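Let's walk through this one together, starting with how its parts meet and ending with what sits inside. Have the view open and turn it as you read.

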Amino acid sequence: MSMLKVSVDYDAIAGNVATLRALAPTAKLMAVVKADAYGHGLLPSARAARRGGAEFLGVAQPSEAIALRDGGDEGRVLTWLYGPEVHAADLLSRDIDVSAGSLEVLSAIVKAARAGHGTATVHLCVDTGLGREGVPMANLDALLTAASAAQDEGLIKVVGMWSHLAWADQPGHPTVDAQAENFHTALATAEARGLDIELAHLGNSACTLTRPDLHFDMVRPGIAIYGLPPVEDPEGDNFGLTAAMSVSSTLALVKELPGGHGVSYGHEYVTPQRTHVGLVSAGYADGVFRAAGGVAEVSVRGVRYPIAGRVCMDQFVLDLGPETEADAGDIVTLIGPGGPTARDWATAIGTIDYEIVCRFGGLRPKTAE
Ligand SMILES: *Cc1c(COP(=O)(O)O)cnc(C)c1O
């Protein structure tokens, strides 16, 4: 049986949220805990975010919002990703804030309110340029008209308007300012219709860290609360954030092989000399990307080793060198203090650290550190 341990330092998440709040002192903070809190575990991460002072929790799926309520969270929660088939009644009756970025979704929400499931607390979603969720600027008027009418009937209360940035990780990119300008226009249009937007929100982690001028009433950091800022800290201090996830395994076997010996399927790695190889008990079934073979590194006793040859379903091999202290039973750090970071894995295999933590955490139970 393979052995991969994913441990999460929930105090780090609480601390990161507090740090981000201090960086956005004029705004509320919505901690984004979608996708099982980026693989860190929904409920413990949510509790940690609340401890750190998050006024809101944000999730994509309605089922995640319900899971937060079932798990005992009684604070404000927003869910934003669903179509007109959404069971809005379940959300309204549990006091979950809802997003509406189309007339169809708004009418599903209004229908649930009309059926007596409660007044809907609505955040209107406008597409200011991402080309993903939300009503296009050109159709905003129609959505505002429908929302005002439903609000006049007492069925919904429009509390927020939000949008999402396409290029926030390049803070100087011209689309950031163009989207901000559209967002200001959308807010002014809503106010002119008599809608009182208490909560305008636009910024993800990158925006929270680099564009204080775009914090509006609330910021929505995700990846940064897990300690993985998507932009470089000019001061080299990771913005004071601490990576929360560690991933480790163990060496099942250490043995000597002669030089010129092929290693793992397809013999993509061949020992350059007499050496020791170590067998690690984790593979792609555990979240170790198969693409990591030959490129990603792990550490044993503080020394980095690249993965030798292909990653298999539940194991992979390291070339520990002709002389090694490493022994069967040793801990292998895939991600963690003193070892590689999620960013190192992302760089090695050509992805982003978001996908690395979602993958490792998504496939394994999490242990609190
Ligand atoms: C995922 C997401 C965020 C958080 O983004 P990060 O880059 O992880 O900070 C914020 N808002 C919305 C709408 C999202 O989908």
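Nine residues of domain 1 touch 11 residues of domain 2. Keep in mind that this is a predicted model. The domains in question run from 10 to 229 for domain 1 and from 245 to 368 for domain 2. If you want a feel for the layout, put a point at the C-alpha centre of each domain: the two points are 39 Å apart.

So much for the layout; on to the interface itself. Putting domain 1 and domain 2 together buries about 830 Å², and carbon and sulfur atoms account for 67% of that area. What about charge across the boundary? You'll find one salt bridge between domain 1 and domain 2. To see a salt bridge up close, zoom in on Lys366 and Asp36, where the closest N and O atoms sit 2.9 Å from each other. Polar contacts turn up as well, with two residue pairs making them across the interface of domain 1 and domain 2, both at pLDDT 80 or more. On the side of domain 1 that touches domain 2, the residues split into five nonpolar, three polar and one charged.

Now move over to the ligand. Which residues come nearest to the ligand? There are 15 residues around it, and the nearest are Lys34, Tyr38, Ser205, Ile223 and Tyr354. Check those names against the domain bounds: 10-229 is domain 1, and 245-368 is domain 2.

A few polar distances are worth picking out here. Start with the backbone: a polar backbone atom of Gly222 is 2.9 Å from an oxygen atom of the ligand, and for Ile223 the distance from a polar backbone atom to a ligand oxygen is 2.8 Å. Tyr354 takes part through its side chain, with an N or O atom there lying 2.6 Å from an oxygen atom of the ligand. How much of the ligand does the protein cover? On its own, the ligand has 380 Å² of accessible area, and the protein covers 94% of it.

Terms used
Residues numbered from 1 in each chain as written. Predicted model: local features only at pLDDT ≥ 70, side-chain atom pairs only at ≥ 80, totals over all residues. Heavy atoms only, no water. Domains from an automatic or database assignment. Contact = heavy atoms within 4.5 Å. Buried area = accessible area lost by both parts, 1.4 Å probe. Salt bridge = Lys/Arg side-chain N within 4 Å of Asp/Glu carboxyl O. Polar contact = N/O pair within 3.5 Å; in protein donor to acceptor, adjacent residues only side chain to side chain. Nonpolar A, V, L, I, M, F, W, Y, C, P; charged D, E, K, R; others polar. Near = heavy atom within 4 Å. Areas by Shrake-Rupley, 256 points an atom, 1.4 Å probe, with all protein chains shown as cover.
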